[in-house]
Protein chains: 2
Amino acid sequence: MAIITITGAGMMGSALCWPLADNGHTVRLVGTPLDGEIIAALRRDGRHPKLQRALPEGVAFYDHTQLAEALEGAEMVASGVSSFGVEWFASAAGPHLPSGAPVIAVTKGLEDLPDGTLLTLPEATARRLGAPVSLNAIGGPCIAHELAARRQTSVVFTGADPAVLERLRAAFATPYYHIWTSTDVTGVEVCAALKNAYALGVGLAVGMMERAGPDGLANMYNPQAALFAQSCYEMRCLLEITGGGAENAAWLPGPGDLYVTVFGGRTVRLGRLLGQGRSFAEARRILAGETLESVEIATRVARALPKLAARGLARLEDFPLLLHIDRIINHAAEVKIPWEQFFARHR
Amino acid sequence: MAIITITGAGMMGSALCWPLADNGHTVRLVGTPLDGEIIAALRRDGRHPKLQRALPEGVAFYDHTQLAEALEGAEMVASGVSSFGVEWFASAAGPHLPSGAPVIAVTKGLEDLPDGTLLTLPEATARRLGAPVSLNAIGGPCIAHELAARRQTSVVFTGADPAVLERLRAAFATPYYHIWTSTDVTGVEVCAALKNAYALGVGLAVGMMERAGPDGLANMYNPQAALFAQSCYEMRCLLEITGGGAENAAWLPGPGDLYVTVFGGRTVRLGRLLGQGRSFAEARRILAGETLESVEIATRVARALPKLAARGLARLEDFPLLLHIDRIINHAAEVKIPWEQFFARHR
C-alpha cells in the first residue's frame, strides 16, 4: 500500500478516492485555491458538495496552503485539476513533487504553439515543470459520479514508461475500475481533449431537436449520429496530423469517451443551448460558473489548423464540424451544420 | 426522372419514398407477402400504419401478387426487405428484375458458410440470383421515422461500380438525405450487420441501469460507453478478418450506425430486457412479433468465429462481447459482462 496524494478536489479528482481507498492506500486529497468550499465541507462532515456523497473513510483533507505537507512522502500523485489549473499545478505543486513519484492527471486538453503545433497536456506540463517527472494521464469514458458510485468503469492510463503505467494500474485498478495502458500518449490525449469539443457538436443536434419538437414518431437521432460519426472522423484526421494511432478513434478514447460526454458531461449543455438557437454569449450567461473546456479546446485547435494547413500538415476540409463550432463560439455564427462537407475523404 | 420500384413496404423501404418522391421520380411501392395489411391500409387512405404518417403524393402501391407488374420498366430497384426476406426477394423478384437496373438494398446481415466464411448480403444475394445484377446496399445511421419526417440523415451507398453508385446517389440525394459512396462493400456491410448485435450489447448496460436504479447523482453511462467502445473494437477486428477497411469502425457505418441503433432501434429493447435480468426466452415472449435481426447476426458470427479461429483467421479473445451475447441468447447464460477481457490487443 502506498501514500497517494490527489491535487484538486473537484469531482474527478475526488472520485479517484474510491478506487484508491478501496485498495487500502493512504489517500490525501488537496484542494486548489478554488476548492476552499469543498475542503471546508469535507472537513465538516466528510461529504463532497458536488458529488453529493460522503468520501470513503480515511481520506485526509488538505487545503491549498498545506500542499507541501500533503505531497511529502507521496509515492504517487494524481492531478485532478481542470485544464485551467495546469498552471497552478506546475508552479505550486511542481517544486514539492517527491523525487521518483509518478504523476497521473485526469486533466484533458491540448495547447497550441505559435506555429500551430499541438502539445498534449503531459508535454505542456513537462515544459512547465522543467525537472524530470514521470507524467501520465487518464483517458477514456469516466463520469465522476459513476466512479464514486463504484459503477463499472473502463479507462486508459497513458504515459511513456510501461513499467510506471503498470505500477499505476496496480495501485488504481479495482473490480469496478478497469484499466488498460497505452504508451501512445498523443493518441489517447488528442481524443481525450477533442471529445469535449465534439460533445458540444453532437449537442447541437440535441438542441435542434428540442427546438424543432417531435414530428409524429420521428425523433432526431439521425442528425446526432451523423455528428457523432463526423466527430470520430475528425479525430482520426487529427490523430494522423499529430502522430497518434488511428485506432484510438475506435475504442475507449474516441467513441467511448465521446459517448459518455454526450450523455453525462457538462459540455453537451452548451451545445444544446446553441442548437436551440441561443447565441454563445447568451449560452455562456446561462452556464455561468461552469468550466467550459470545450470552448477552450475548440478555439485552440481551430486556431492551430490554418497554421498546420499552411505548413502542409493539415487539410482544412477534414474539419468542417470543428471549424463550424469555432465560428459559432468565436465569431457569432448561427448554427448551420455543413452536412455536405462532412467525411471529405469518403467523397 | 426515373421509374423506381421499392420491394418491401416495411418502415425502411417505405421511408425511401420521401427522397425519391421529392426528387420527382415515379415511385412504386410493393409489399412482400407479409405486408398485406400495410398495402391495404395505404390503399385505403395513403397512411402507413407503422410509420403513422401519409406517404408522399403520387406513390403507387402494389401487393405481392403484382410484383412483376411493379418491376416492369423500373430503372432502379430498392429492396426494403429485412434479412429474413432476402430469400423471397431473390426467388420472387429476381426473375422480374429489368436488365441493367441496379438494385440497392437496405437489408443488413451476414451469412455464414459451413467453413465460417462470412458473406455480406449483396454477395449472398448474388449467389441466389445467379443472373448478373448490380447489387448495392445502404449503410450508415438512418431511422426510418426520421427519414420520413425529412430529418437530416447521412448514409453510405456501397457497391462495386462507382458509376452505378453515382447514378443511385443522384437519384436518392436530397437536401436532407446526404449520401456518401464507397466501393468497400465488405467494410460497410460488416458494420451495418454487426451494429444490430452490438446495440443489443450496449442495451445490456441500459437494462442493468434500470435494474440497479440510480445511486445518488450517478447514472450508468460509464458501462454503456465501455460497451460502445468494445463494440467499435470488435467491429475493427471483424473488418480485419473479412478484409473490410478499418476506417469503417470510425465514421458513419461503425459508431454512427451503432449510435442511432442504441437510441432509436428496436434491437436495444432486447438488450435492455436481458440486462434487467430476464431470460432470453422471456424477453422473446415480450417482444413477440418484432424482427430480431440482432439475434440472427450474433448467432451467425458466433457460429463462424470458432471455425475462423481454427483456420487461423480469427482470435476468439478479440470478441468477448459478441461471444457473451451468443451465450446469453443461445445457451441461457446470465448477463455477466466480461469487462477484463475487453480490448485484448490493448492489454
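This is a short dialogue on reading strands and helices in a predicted model.

Trainee: Start with the sheet. What is the strand order in the open sheet of chain A?

Mentor: Read an open sheet from one side to the other. Here eight strands run in the order β5-β2-β1-β6-β7-β10-β11-β12, and the pairing is mixed. From one strand to the next, the twist averages 25°.

Trainee: Which strands stand at the edges?

Mentor: Look for strands with a single partner. In chain A these are β5 (60-62) and β12 (177-182). Each has one partner strand, so one side of each has no neighbour in the sheet.

Trainee: Take one pair inside that order. In which sense do β1 and β6 of chain A pair, parallel or antiparallel?

Mentor: Parallel, over four bridges. β1 covers residues 3-7 and β6 covers residues 76-79. For a landmark, find A:I6, which stands opposite A:A78 in β6(A).

Trainee: Now a helix on strands. What does helix α6 of chain A lie across?

Mentor: Helix α6 (residues 121-129) lies across β7 (103-105) and β10 (135-139) of chain A. Its direction is about 155° to that of β10(A).

Trainee: And two helices together? At what angle do α10 and α11 of chain A pack?

Mentor: Give the angle, the spacing and the hand. α10 (residues 221-242) and α11 (residues 252-264) of chain A pack at about 145°, with axes 10 Å apart. The crossing of α10(A) with α11(A) is right-handed.

Trainee: Which residues meet there?

Mentor: From α10(A), A:F228, A:S231, A:C232 and A:M235. From α11(A), A:G254, A:P255 and A:L258. The contact has five nonpolar residues, two polar and no charged.

Methods: Residues are numbered from 1 along each chain as its sequence is written. Chains are lettered from A and ligands numbered from 1 in the order in which they are written. This is a predicted model: local features need pLDDT of at least 70, side-chain atom pairs count only at pLDDT 80 or more; totals for chains, interfaces and linings use all residues. Axes are lines fitted to C-alpha atoms, for helices over the stretch in contact, and angles run from 0 to 180 degrees between N-to-C directions. A crossing is left-handed if the near helix is turned anticlockwise from the far one by less than a right angle, and right-handed if clockwise. Two residues are in contact if their C-beta atoms, placed from the backbone, lie within 7 Å. Ala, Val, Leu, Ile, Met, Phe, Trp, Tyr, Cys and Pro count as nonpolar, Asp, Glu, Lys and Arg as charged, and the others, Gly among them, as polar. Two strands pair if DSSP finds at least two bridges between them.
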